[in-house]
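Student: Could you take a close look at one part for me, the place where the two domains meet? I'd like the contacts first, then whatever else in the chain is worth a glance.

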Amino acid sequence: TLTQVSAFGSNPGNLNMYVYRPATLPDNAPLVVLLHGCSQDAATYHAHSGWAKYADSLGFALVYAEQKSANNSSSCFNWFQKSDTARGSGEAQSIRSMVDYAVRTYSLDEERVYISGLSAGGAMASEMLAAYPDVFAGGSIVAGIPTGCASSLLDATTCMFSGRNLTPKQWGDLVRAKNPGWQGPWPRVAIWHGTADAVVTPKNAQSSRDQWTNVWGIGQTPARTANLGANTTVEYYQDSSGRDVVARYLVSGMGHGTPADPGSGTDQCGTAGAYFLDTICSTYHTIQFWELDGDPQPSPSPSPSPSPSPSPTTPPAGECVTANNYQHVAEGRAYVSYGYAYSVGGNDLLGLWNIYVITSVQETSPGYWERVSGC
């Protein structure tokens, strides 16, 4: 269940704060901040979005910022008011105070703080990434709007239904203007949108893509694309080191809401409801993009393995086992250190120690296990 925190520090935006902590939250765990959409509240977002499932299995904390009707009659975050989006003021400062409180109180990792939101919450998440790039390692904008699109309620309506025609540089300048002189690093940004969204035009997903790729100093041509199933495609945009730093997920035929996929599978989450649409578990894929599952991204191009290998094409002889990391540890193929599983002998990182991360290891010599791509 959620726990409300009444006194969390400076709260000029007059927001509510709720916390969810798994029963076995490790020290130095990540933190994810969540912002609901209009007409929603923290409890609704917690119940339907699927974040609690992965907080439990992967070991990270959740903070929900909740809007009050006294601030906005539709309970929308005021992403279009500069007094609420500027660094150190209004709702932006309130959310920043929540982060400070949670990191300090629950011994969380201040280098692994992320933020995600739906609709007005997605627009506010983008504003927070721009205002506090020194605080957030990554963000997710779900059916949201790019930073700086609106400065009034009238502007907000235009952005929602029509979008704005700006160049990538102009979009990027709106982010840079919030922190003049900041040279990075910038947060990694996932962008989700349904192609049939009639509330927030899908054009905003392209504008957000243009904005954050420009901020990162990269082009608008994806390095690679993938089909995730459930009518969902993703485009990955990489920095000069080959790391995915911006991703745009488009769900064909989906309307306005958070993509969810009820079920018990590893890649399934959430429950269907108003603005929670039964399509794909966006939470699962966002966690993978942020690498909160403890599994680093594969190299974008073939390169020599840093670990010794008998042959780059022929797998080493010996038993090969595919299983979850908990099973690997229980059966002696891996060991645990600070919540992560490593192969015995080879010391290869397998990811977080739980039943949801599936990896393959092969015994190259007695008692010496190495991670492989598959058995």
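Tutor: Between domain 1 and domain 2 there are 0 residue pairs in polar contact, counting pairs with both residues at pLDDT 80 or more. Polar contact here is a pair of N or O atoms within 3.5 Å; within protein, one must be able to donate a hydrogen and the other to accept it, and residues adjacent in sequence count only if both atoms are side-chain atoms. Salt bridges between domain 1 and domain 2 also come to 0, with a salt bridge taken as a side-chain nitrogen of Lys or Arg within 4 Å of a carboxyl oxygen of Asp or Glu.

Keep in mind that this is a predicted model: local features need pLDDT of at least 70, side-chain atom pairs count only at pLDDT 80 or more, and totals for chains, interfaces and linings use all residues. Residues are numbered from 1 along each chain as its sequence is written, and side-chain values use heavy atoms, with hydrogens and water left out.

So what does the meeting place consist of? Domain 1 spans 2-290 and domain 2 spans 319-372, with bounds from an automatic or database domain assignment. Their C-alpha centres are 33 Å apart, and 5 residues from domain 1 and 5 residues from domain 2 make the contact (heavy atoms within 4.5 Å). About 480 Å² is buried between domain 1 and domain 2, 62% of it from carbon and sulfur atoms; buried area is the accessible area (1.4 Å probe) that two parts lose on being put together, summed over both. On the domain 1 side, Ser57, Leu58 and Thr266 lose the most area, together 74% of what that side buries. Helix H2 (residues 51-58) gives the most to that side, with 3 residues; helices (H or I, at least four residues) and strands (E, at least two) are DSSP runs, numbered from the N terminus. By class, the domain 1 side has 1 nonpolar, 2 polar and 2 charged residues.

Now for the rest of the chain. There are 4 disulfides, meaning pairs of cysteine sulfur atoms within 2.5 Å. One joins Cys38 to Cys76, S to S 2.0 Å, and is right-handed with 125° about the S-S bond. Cys38 sits in the loop between strand S3 (29-35) and helix H1 (42-48), and Cys76 in the loop between strand S4 (61-66) and helix H3 (82-85), so the pair ties together parts 38 residues apart in sequence.

The structure holds 12 salt bridges, including Asp134 with Arg87, whose closest N and O atoms are 2.9 Å apart. These two residues are 47 residues apart in the chain.

Two backbone details to finish. The peptide bond from Gly184 to Pro185 is cis, omega near 10°, and Asn28 has a positive phi, near 60°.

Definitions and conventions: Nonpolar A, V, L, I, M, F, W, Y, C, P; charged D, E, K, R; others polar.
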